[in-house]
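Biologist: I should like to understand the reasoning behind the terms applied to this model. Could we take them in turn, each with its criterion?

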Amino acid sequence: MESNKTFTMIKPDAVANGHIGAILDKIIGNGFKILALKYTALSAEKAGEFYSVHKERPFYKDLVSFMSSGPIIAAILEKDNAIEDYRKLIGATDPSKAEPGTIRNLFAKSIDANAVHGSDSDENAAIEGNFFFSAFERF
Ligand code: CMP
């Protein structure tokens, strides 16, 4: 398993609020290389599939509804220690607990509308990247 890749989404709130450019700038400025990038949208069915690991959690229905509410950016990122470094860059899941200067501290409003997703393991980064991108869409 490769440990130098992670997967991210810029979520519907951050896209709607005009933060795509600023977030991509932060990602690139912090040494992540973009290997794949897509502007797309998740249907409720696809959002449910992507987040199926959370299907027993009380927030699952709201999460699926929110993630299918508007367009998103999906991307595969490369950097040494990508999973841990990216989670540090985005900050805590709940933006009220995110460190100053992190992406969620700067751009997120709530735990649901928390601006970005970041993979939590090498295994999930591979699964999530494969969910959105074919071999012909990675560089
Ligand atoms: P994300 O990193 O995309 O993974 C699952 C998402 O569920 C998470 O970000 C949050 O946006 C959302 N969520 C809502 N409530 C919770 C909660 N109590 N704990 C974790 N995630 C939550």
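Biologist: How do the residues of the shell around the ligand divide into nonpolar, polar and charged?

Modeller: In this predicted model, the shell holds 4 nonpolar, 4 polar and 3 charged residues. Tyr counts as nonpolar and His as polar under the convention used.

Biologist: What makes a residue part of the surroundings of the ligand?

Modeller: One of its heavy atoms must lie within 4 Å of the ligand. The residues that surround the ligand include K11, Y51, H54, R104, D112 and H117.

Biologist: Why is the pair formed by K11 and the ligand called a polar contact?

Modeller: The criterion is a pair of N or O atoms within 3.5 Å. A polar side-chain atom of K11 lies 2.7 Å from a ligand oxygen, so the pair qualifies.

Biologist: Which atoms of Y51 and I111 approach an oxygen atom of the ligand?

Modeller: For Y51, an N or O atom of the side chain is 2.6 Å from a ligand oxygen. For I111, a backbone N or O atom lies 2.6 Å from a ligand oxygen. The protein covers 79% of the 460 Å² of accessible area that the ligand has on its own.

Biologist: Where does the ligand sit?

Modeller: The ligand occupies the largest pocket; the test is that more than half of its atoms lie within 2 Å of the pocket's grid points.

Biologist: How do you know that the radius of gyration agrees with a compact globule?

Modeller: For 139 residues, a compact globule would have a value near 14 Å; the chain has 14 Å, and therefore the two agree.

Technical notes: Residues are numbered from 1 along each chain as its sequence is written. This is a predicted model: local features need pLDDT of at least 70, side-chain atom pairs count only at pLDDT 80 or more; totals for chains, interfaces and linings use all residues. Side-chain values use heavy atoms; hydrogens and water are left out. A polar contact is a pair of N or O atoms within 3.5 Å; within protein, one must be able to donate a hydrogen and the other to accept it, and residues adjacent in sequence count only if both atoms are side-chain atoms. Accessible areas come from the Shrake-Rupley method with a 1.4 Å probe; for residues, only the protein chains shown count as cover. On a 1 Å grid over the protein atoms alone, a cavity is a set of points where a 1.4 Å probe fits but cannot get out, and a pocket is an open set with protein on both sides within 12 Å along at least five of seven lines; lining residues have an atom within 4 Å of a point. The radius of gyration is taken over C-alpha atoms; the globule rule is 2.2 Å times the number of residues to the power 0.38.
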